[in-house]
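Colleague: I have a structure open here and would like to go through it with you. Could you help me read it?

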Amino acid sequence: MTPKVVLVTGVGGYLGGNLAARLAADPDIERVLGVDTVPPPKDVVRTMGRAEFVRADIRNPLIAKVITSAGVDTVVHASTTTNPAGPARRMVLKELNVIGTMQLLAACQRAPSVRRLVVKSTAAVYGASSRSPAVFSEDDAPKDLGSSGYAKDAVEVEAYVRGFARRRPDVSVATLRLANLIGPSVDTVLTRYFALPIVPTVLGFDARMQLLHSEDALAVLELASLGEATGVFNVAADGVLMLSQAIRRAGRLPLPVLRQALPAAGRLLRGARLVDFSPDHVRYLNYGRVLDTTRLKAEFGFTPRWTTRQAFDDYVSGSKLRPVFTPTLLAAARRRVLETRT
Amino acid sequence: MQEARVIPLQRADRRRRVPTSAAPKPDGPIVEPTPLHPTREHPPVSAVRRGIGDALGFAVRRLTGDYPIDEFGFDPDLTERVLLPPLRLLYKNWFRVEVSGIENLPVDGGALVVSNHSGTLPLDALMTAVAVHDNHPRQRYLRMLGADLVFQVPLLGALARKSGQTLACNPDAEQLLNAGELVGVWPEGFKGVGKPFADRYKLQRFGRGGFVSAALRTGVPIIPCSIVGAEEIYPKIGDLKTVARLFGLPYFPITPFFPLLGPLGAIPLPSKWHIHFGEPIPTDSYDAGADDDPMLVFNLTDQVRETIQQTLYRMLSQRGNPFLG
């Protein structure tokens, strides 16, 4: 089923904006509506073509009018921010995430035209701890989640989505749990983190990181909005990088900090408006998180184009990170040792 | 200046037959092209140089982050070059480990190695890993399942993951077994590793049989493994429960030399070890859903436990002095 009228929330963000642009380029779709409180960035607006922008707050009942009057049949909820790139105001984000989703779903439930709902969620719903399995599958319940925080928001959002799916069984609902995004054009907590010349890490811990290239994230969201697949899907690139390995690949220097001192270091960085160190993020840096993507490949029919390593290397080369440290001396020494004088 | 001479190619050929295709056929003897930039001859490098070169290559690889990692954080490059060598020293020269029954381990494909646990510190797990890697014809790695306490401890947790360990839970075990890995499990857990010296070689309860259901669900054989010698490395004659509770540890051992001699007491006694891999117990003959039958799981658990216990008794009766073997 090709959707006729698509509504994309969060077009002010990277994923929402670019997704609206991609959908607008599809001639089979009649209308693409983008909703957000802030207009998309200028460079995205240029690519958005015939997509229309509705300046509205999804927390406002007005959104219901937009949906019914336009006869929206596919809603892509891409506005939830669970990993804000920079320091953000916690309460505002919680409002946007949880209350916004509630309002949007309430509006969808009232609109008989809605046939399809795609929700962008996050892999953070699994939490990260020493007691969780190494590889999360879609059926794993979260463990050791903080009592508040963005991960908790995402869990609540997913609970509302499940409730909606129960009340409107005629709507096919796909929830995509995206791994941390990376790429040269996207601005996330990780891209900012690895751009620091000296990267604070947790002393004695090394996280397993599985990433997702931003292009792959867009592709999977597009496929989900055009397709029919129902259920929860983990979305992540193949392969794993250790945090220490990623730091070395980016040519950064790690700064191991005691776990107890990391919140303080995080506050310092927050204060400098560089990067957000939420407790969720610190836990992620402790233990990391790897997702099982069998269901994505087998049932959903999507295989990410970039592996984690390729995505990370693309980010490093594409965002023109200047390596702080390269072992050229050692490499030269090795060549000299292995070459015999003739 | 010399003028370039034009030398017609394949003149004889053209005269003899009509060309069927435009492209010349590559028949006739293949002439090795002379390289424009001859690669410099590599005379054999001396062993020392190669060693240094290898080490430097390793350092460069590590510093540029150019090495593979699996989903569980296993780092074969680091394990092979940094973690195994010191363990091998301990294995060969300190505990003088003897291994038998290595032919019971499958050449490839998944299997679950189930072993007794002892020694106050889980050195037996590490030695089993060395034994498998160094004696197996394919030099397979034993992927060990560890307690969550291991992964909470800074440095130790990270190293454990890098050496191929993962959390002892069914999803992880099944994932590894499905991937055809050799998985090692010590179902006695802390009850086994921290049992008093008086109870040596008496197997404790085998958990809740989670390892059996993992094997049943993946259909891999269970290989009972008996380790003799590990009980004597730190004879635990007492337990400071309050101190243990203070540090959040399952026990705080008193051995004849610890904490009396301080850090010196942490040196394990040089007992002579023997590791025996028993006959595999197949689990693929049961029908699907067998892991849901608690009775079957209990029976299999008991069978594995009894096999290990009997083997231990047999090995102990054949052993002379614990330190001389």
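Modeller: The following conversation goes through the contact between the chains and then the sheets. Please keep in mind that this is a predicted model.

Colleague: How many residues does each chain bring to the contact?

Modeller: Chain B brings 38 residues and chain A brings 34 residues.

Colleague: And what area is buried between them?

Modeller: About 3,100 Å² is buried between chain B and chain A. Carbon and sulfur atoms give 60% of that area. The size of an interface is often expressed as the accessible area lost when the parts come together.

Colleague: How many salt bridges are found across the interface?

Modeller: The rule finds 3 salt bridges between chain B and chain A. One of them joins the side chains of B:Asp66 and A:Arg249, with a distance of 3.9 Å from N to O.

Colleague: What about polar contacts?

Modeller: Between chain B and chain A, 14 residue pairs are in polar contact, with both residues at pLDDT 80 or more.

Colleague: Which elements of chain B supply residues to the side that touches chain A?

Modeller: At least two residues each come from α2 (47-64), α5 (148-152), α6 (156-162), β4 (166-167) and α7 (170-178) of chain B. The element that gives the most is α2(B), with 11 residues.

Colleague: How do the residues on that side divide by type?

Modeller: On the side of chain B that touches chain A, 19 residues are nonpolar, 8 are polar and 11 are charged.

Colleague: Changing topic, is there an annotation from a record for chain B, and what does it cover?

Modeller: An unreviewed UniProt entry annotates residues 111-230 of chain B as "domain: Phospholipid/glycerol acyltransferase". Over those residues, the chain is 40% helix and 19% strand, and the end C-alpha atoms are 23 Å apart.

Colleague: Now the sheets. What is the strand order in the open sheet of 7 strands?

Modeller: In chain B the order is β1-β9-β6-β2-β5-β3-β4, with mixed pairing. At the edges stand β1 (98-100) and β4 of chain B, each with a single partner strand, so one side of each has no neighbour in the sheet.

Colleague: How do β6 and β9 of chain B run?

Modeller: Strand β6 (residues 222-228) and strand β9 (residues 274-277) of chain B run antiparallel and are joined by 4 bridges. Within this pairing, B:Ile227 has B:Ile275 in β9(B) as its bridge partner.

Colleague: What is the order in the open sheet of 4 strands in chain A?

Modeller: The order in chain A is β6-β15-β10-β13, again with mixed pairing. Here β6 (135-136) and β13 (241-242) of chain A are the edge strands, each with a single partner strand, so one side of each is left without a neighbour in the sheet.

Key
Residues numbered from 1 in each chain as written. Chains lettered and ligands numbered in written order. Predicted model: local features only at pLDDT ≥ 70, side-chain atom pairs only at ≥ 80, totals over all residues. Heavy atoms only, no water. UniProt positions renumbered as here; feature names shortened; annotations may be inferred. Contact = heavy atoms within 4.5 Å. Buried area = accessible area lost by both parts, 1.4 Å probe. Salt bridge = Lys/Arg side-chain N within 4 Å of Asp/Glu carboxyl O. Polar contact = N/O pair within 3.5 Å; in protein donor to acceptor, adjacent residues only side chain to side chain. Nonpolar A, V, L, I, M, F, W, Y, C, P; charged D, E, K, R; others polar. Pairing = 2+ DSSP bridges.
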